[in-house]
Amino acid sequence: MTRHTSAPVCLPNMGYSTQVFRRRYIQSMKRLPLTPGQIAELISNVALFIEEQRQAHAPGSRALSDAERKQLAVHFSVDVLDGVCLARVKHLQNPPFYTELESMGFQNLPPFRRMAAVTFVDVIVAQDEFTSSLLLHELVHVVQYRELGLQRFAELYVRGFLETGEYLSIPLERVAYHLEGLFRLRPDLAIEVEKQATSF
Ligand SMILES: [Zn+2]
């Protein structure tokens with residue numbers, strides 16, 4: 001996921017600080033710790049949602065433009081650039097399982113309406129313009145999906161969120177933000193994304 005460009009990328013602009021975010025989460029987890037069965041169900045729901053969204057958005061998507069490819073070619077293999085699809089939507093919608101999680105006491109789920117873009121395997125769905133830094137960040141996720149597979153990606157995303165209590169601390173996101181930061185500083189300097197995408 002990528003945060004809105006008005007806020008730090010992939011980070012939802014929640015309107016309150018990360019510390020408050022973490023405190024609210026930890027409080028909710030103290031009240032309602034998830035059982036291993038509930039965690040497994042959540043991972044399964046996340047993986048299903050990703051695949052459903054991928055299939056829903058793929059038909060209306062497009063390939064990278066020549067200009068976009070030129071900006072990204074030094075950082076990614078031809079396979080990755082050839083395989084990715086881009087789709088624009090007016091609004092990204094929260095997953096259906098958010099309702100149940102919120103009723104269980106989760107108050108810090110990243111709202112999709114505050115995301116610039118979300119990547120579903122190889123389909124990047126954005127409600128913001130596709131800037132080069134947005135694409136770099138989301139393509140890191142594409143590489144992570146390729147290296148880990150959908151199920152493992154979903155598992156690491158959910159476990160990372162549950163263990164840290166905050167979206168930005170999910171290892172998959174930390175790597176994407178780190179590489180995006182390098183790209184913003186020196187977009188011409190080759191980043192070995194495929195070596196670093198799952199180095200956590
Ligand atoms: Zn992200």
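**Exercise 1. Find which residues Leu179 touches, leaving out residues up to four places away in sequence.**

Solution.
- Leu179 touches Leu136 and Val140.
- Leu179 also touches Ile191, Val193 and Gln196.
- The model is predicted.
- Now place Leu179 in its wider setting. The largest nonpolar core has 44 residues, and Leu179 is among those with the most contacts inside it. Ala117, Val125, Leu139, Val140 and Tyr157 are listed with it.
- Next, the suppliers. Helix 2, strand 2 (85-88), strand 3, strand 4, helix 6 (132-148), helix 7 and helix 8 (171-185) each give this core at least two residues.
- Helix 6 supplies the largest share, eight residues.
- A general tendency applies: in soluble globular proteins, nonpolar side chains tend to be buried together.

**Exercise 2. Decide how far the model can be trusted, element by element, using pLDDT.**

Solution.
- Start with the chain. Its average pLDDT is 87, and 86% of the residues score at least 70.
- Then take the extremes. Strand 4 has the highest mean pLDDT of the elements, 98. Helix 1 (residues 18-31) has the lowest, 51.
- Last, check the weak stretch. Over residues 5-17, pLDDT stays under 50. For these residues the model has 34 contacts beyond four places in sequence.

**Exercise 3. Test the length of helix 2 (residues 36-57), then find its buried side.**

Solution.
- Helix 2 has 22 residues, which should span 32 Å at 1.5 Å a residue. Its end C-alpha atoms are 32 Å apart, so the two agree.
- Leu42, Val46, Ile50, Gln53 and Arg54 of helix 2 are buried. They lie on the same side of the helix, because they cover an arc of only 105° around the axis.
- The face turned away from the buried side carries exposed Gly37 and Gln55.
- The buried residues pack against strand 3 (115-120), strand 4 (123-126) and helix 7 (150-164).

**Exercise 4. Say whether Leu134 is buried or exposed, and describe the helix that holds it.**

Solution.
- Leu134 is in helix 6.
- The cut-off for a buried residue is 20 or more other C-beta atoms within 10 Å. Leu134 has 22, so it is buried.
- Leu134 and Met1 are 133 residues apart along the chain, yet their C-alpha atoms are separated by 9.4 Å.
- Helix 6 is mostly covered, with 12 of its 17 residues buried. Among them are His137, Glu138, His141 and Gln144.
- The length check: 17 residues should span 24 Å at 1.5 Å a residue, and the end C-alpha atoms of helix 6 are 24 Å apart, which agrees.
- Just after helix 6, Gly149 takes a positive phi of about 85°.

**Exercise 5. Work out which strands pair with strand 3, and in what sense.**

Solution.
- Strand 1 (residues 2-3) pairs with strand 3 in the antiparallel sense over two bridges. Arg3 has Met115 as its bridge partner in strand 3.
- Strand 4 runs antiparallel to strand 3, joined by four bridges. Phe120 stands opposite Val123 in strand 4.
- Strand 3 and strand 4 form a hairpin with two residues between them. In the turn, Val121 has a positive phi of about 65°.
- Six of the six residues of strand 3 are buried, so the rest of the structure largely encloses it.

**Exercise 6. Give the order of elements along the chain and the share of contacts between residues 24 or more positions apart.**

Solution.
- The chain has nine helices and four strands.
- From the N terminus on, the elements run β-α-α-α-α-β-α-β-β-α-α-α-α.
- Of contacts with a separation of 6 or more, 70% join residues 24 or more positions apart.
- Of the 200 residues, 32% count as buried.

Definitions and conventions. Residues are numbered from 1 along each chain as its sequence is written. This is a predicted model: local features need pLDDT of at least 70, side-chain atom pairs count only at pLDDT 80 or more; totals for chains, interfaces and linings use all residues. Two residues are in contact if their C-beta atoms, placed from the backbone, lie within 7 Å. The expected span of a helix is 1.5 Å times one less than its number of residues. The arc is that of the directions from the helix axis to the C-beta atoms. A nonpolar core is a set of buried Ala, Val, Leu, Ile, Met, Phe, Trp, Tyr and Cys residues joined through C-beta atoms within 7 Å. pLDDT is the predictor's confidence in each residue, from 0 to 100. Two strands pair if DSSP finds at least two bridges between them.
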